[in-house]
Amino acid sequence: MYFCGPKFYLMRKIALPVLFLCFLPVVFLAQPPEDPMKRQTSAKRIDEKIKIDGSLDEAIWYEGTLATDFKQYRPLPGEAASQQTEVRVLYDNDALYVGAILHDTAPDSILMEMSERDDMGNTDYFGIIVDSYRDGLNGLGFVVTPAGIQFDTKFSALDGGGGEAGSVFSGDTNWDAVWDSEVTLTETGWVVEMRIPYSALRFPEMEEQLWNINYVRRIRRNRETAYWHTVDPNGPNMISQTGQIDGIENITAPIRLSATPFITTYATHYKHLAEGEQGAWGSSFGGGMDIKYGINDAFTLDMTVIPDFGEAISDNRVLNLSPFEVRFDENRQFFTEGVELFNKGGFFYSRRVGGTPLGYYEVEAQLEEGESVIANPNKTSLINATKVSGRTTGGLGVGVFNAISAATYATVENTEKETTRQIETNPLTNYNVTVFDQNLPNNSFVSLINTNVWRSGDTYDANLTGTVFDIRNKANSYSVNGNAAVSQKYYTDDTDLGFVYNLGFEKTSGEWQYGLYYGVESDTYDPNDLGFLYNNNERFAGAELTYNRFKPFGNFNSANAGLFVGYSRLYNPNVFTRMTVDTWWRLTTKKFFTFGGSTYHEPFSFYDYFEPRVQGRYYKVPVNNDVGLWISTDYRKQFAIDVFTNYRVFNEPGRNRFNLEISPRLRVNDRLSFRLSVGSYNSWNDVGWVETQKAADGEVEAIYFGRRDVLTVESGLTANYNFTNRMNLNVRVRHYWSAAQYDRFNELAEDGTLLPTDYDSFNDRNFTAFNVDAVYRWRFAPGSDLFFIYKNAILDFIDKDPFASYRFFDSLGSMVQFETTNTFNLKLIYYLDYQQITSGE
């Protein structure tokens, strides 16, 4: 019933082609045959038990097929690796076994910095990459360092996980599998032994398996990365450049059922809750559980019940003077692990789930005389969340995500009547994402995505249906790609519809690459109930040209450069807004000193239709140019430093910006390291919206802009200490200060220029944020962790005090007077696996 009426025409023009693209006949139901162009190896079935101790002392290891003769990816693409590597693979009914002998002519020079799991430091490593469905788009990586640190990842070519060819760190590194590995250092190098249970893999139900596979080795002191099957840095994504392994027969997916129950306790101290109140303590105790269940050989259910995300790092809060929402990173593990299907097309922003209540900012307007707000939660309470995802033998990926958040209420108090009442800020809400993703030949794909938000009561509901596709030629050298979507908001008496589509044509391999792009976002397109979009109402066209040279020349190891030209108009009305020209370049010397630069040009005035905050009005930003430079020294050294600076000047007297970032890092030893980052961001004579004055009937009388200096200083310190390869302490400290001081004001004219005015109001802003995140983690058993977490949070915002100081050092010295929260959290997670329990292992 939502599609009735005159707006059905829009649905017919946009939604039906979307559905047609996504429900193409699935004709690729069988795995492709063996590819003679790929390197081949075999796995050997065994009956005896293998002890995972890093020694490879069982004779059966040396009956396996040998994979050797690795080729460099960097720094000398295609050349033989500087050190010899030998890899063999065995298997039985339960697991895949990988044994690697990594010869090294200078074993005392092997780099092996210790780090947290899934966080590679300054170290060598060895890894295996598995694409069991042979689609060239999705895969798994298992990596081990000489210090025994494990790293595992899921690759997805669409969101960069197949990413820069040759990078094992470009996938979903939040994915955590339970597998075994041990390492032994020898007089001739080091040895790796892995056991990867089939519960950590996904593979088709077939009598004879044929998988895409590759092995990777990094020799850090040489900045060398090498692969068994050659990976061309100018070629397509890494996951499509693999060899193949056969010989794996008559294996079945096990019953994949595991649970990780947890208990957690909090103690929190609040300082300066109210005037005259010095502080208070609070405490809580709780528990919950994460469950994983393999529905069949390919599909897995993940569920979190009464979740707790205490170990997630704090958000980087900032002073926001723009008309747009601030986008925060997702740091909650359940929402970062195994979400590659749900991220297709970029329509899903998981921070909406359990995020800010819909009516959080409307409570003040609902107060009655004599009332004040005594509690207004800024996050909704998540009851549960569930993911089901997997891929069929025919290459059809299916994902379903569902989460439920409880109703949220603000509490207000009437001190005269001595009464309290609650105001609903967010109703009971259900969030759902459904994805169908069909792999096609030549590493191509087409996907259908639907996001839906249902809210109880009279609050509106929302829905989005979209597609994303990438069609490539057989050589994987050209790509036609894009996405399209229809957004809908369902009110009691009406439905708001909007649409978006983007198309691209790219040359994707070779030293010279290019792309052409075109996109449209209607003025009613709004995915933000479960997605994220800064602004809609845009037509955009762009062209890009890049040059990448990875083979050494002269004094350099590699170089790249690029040019991008963009042109934008509003969708409604169809008027010019902006043209941009970007250039960038980068060079890496043979001593691994990297430096580069960029330029940004707006050769015509930019018509900004969003800064005035009034539909149809715009501010005319003058012509401006920006130039940037950066350097990065060799991270192999104990001390390294990154420096970035840029300067932007406007065609207007006294208006410019200067930014400087300095980030030194010190590795004291293989256990202890520090990284400091300091940034200064300065805008002088900046221009921005201040206030819109309206008449009693709502008509706009005047829009006022202000001239301001905006100064920001952000600094951060990260310290890591690793007691063992399974126990570490990570401390992150961040201080942020930003102040905006207004010098004079202007009225915005109809033609976008600024006129003199008598308006004068205090609008200065001063924002300080200070956070400490200290996390001790001990992985005392596979998949089981003990966390001790300390968090300190200081936030202060001044916007109505003309006598306050708006200087950095004054604000820094005043932090002891600000409201402070200190939280102590102890959390125990224990991994229970059905196979281990029933087998008695």
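P75 is found in the loop between β3 (71–74) and β4 (85–91). The peptide bond that leads into P75 from R74 is cis, with omega near 5 degrees. This is a predicted model, and the geometry described here is computed from it. A second cis bond runs from N572 to P573, with omega near 0 degrees. P573 also has a loop position, between β29 (556–569) and β30 (576–589). Most peptide bonds are trans, and most residues other than glycine have a negative phi.

That brings us to phi. E418 is not a glycine, but its phi is positive, near 55 degrees. E418 belongs to the loop between β20 and β21. Is E418 buried or exposed? Its relative accessibility is 72%, so E418 counts as exposed; the cut-off for that class is over 50%. R613 is another non-glycine residue with a positive phi, about 65 degrees. Look for R613 in the loop between β32 (606–608) and β33 (619–621). With 32% relative accessibility, R613 counts as partly exposed.

The loop of E418 joins two strands of a sheet. Which strands make up this sheet, and in what order? There are 3 strands, ordered β17-β20-β21, and the sheet is open with antiparallel pairing. β17 (371–375) and β21 (419–426) stand at the edges. Each has a single partner strand, so one side of each is left without a neighbour in the sheet. On average, neighbouring strands here are turned by 35 degrees against each other, direction ignored. Take β17 and β20 (residues 408–414) as a pair: they run antiparallel and are joined by 4 bridges. One residue pair to find on screen is A375 with its bridge partner T411 in β20. Strands of a sheet pair through backbone hydrogen bonds, either parallel or antiparallel.

Now move along the chain to β26, β27 and β28. β26 (residues 495–507) pairs with β27 (residues 512–521) in the antiparallel sense, over 8 bridges. Y501 has V520 of β27 as its bridge partner. β26 and β27 form a hairpin with 4 residues between the strands. G510 in this hairpin takes a positive phi, near 95 degrees.

β27 also pairs with β28 (residues 538–549). Again the sense is antiparallel, and this time there are 10 bridges. Within β28, E544 stands opposite G515.

The connection from β27 to β28 deserves a stop. N536 has its place in this loop. Why does N536 count as buried? Its relative accessible area is 19%, and buried means under 20%. N536 therefore falls in the buried class by its 19%.

What does the side chain of N536 reach? One partner is the backbone oxygen of D523, at 3.3 Å. The backbone oxygen of Y525 lies 2.7 Å from a polar atom of the same side chain, that of N536. Beyond its neighbours within four places in sequence, N536 is in contact with E521, S522, D523, T524, Y525 and F610. D523 and Y525 thus appear in this contact list, and each offers a backbone oxygen to the polar contacts of N536.

Notes
Residues numbered from 1 in each chain as written. Predicted model: local features only at pLDDT ≥ 70, side-chain atom pairs only at ≥ 80, totals over all residues. Heavy atoms only, no water. Pairing = 2+ DSSP bridges. Axes fitted to C-alpha atoms, helices over the stretch in contact; angles between N-to-C directions. Buried < 20%, exposed > 50% of the residue type's maximum accessible area, 1.4 Å probe, protein only. Polar contact = N/O pair within 3.5 Å; in protein donor to acceptor, adjacent residues only side chain to side chain. Contact = heavy atoms within 4.5 Å.
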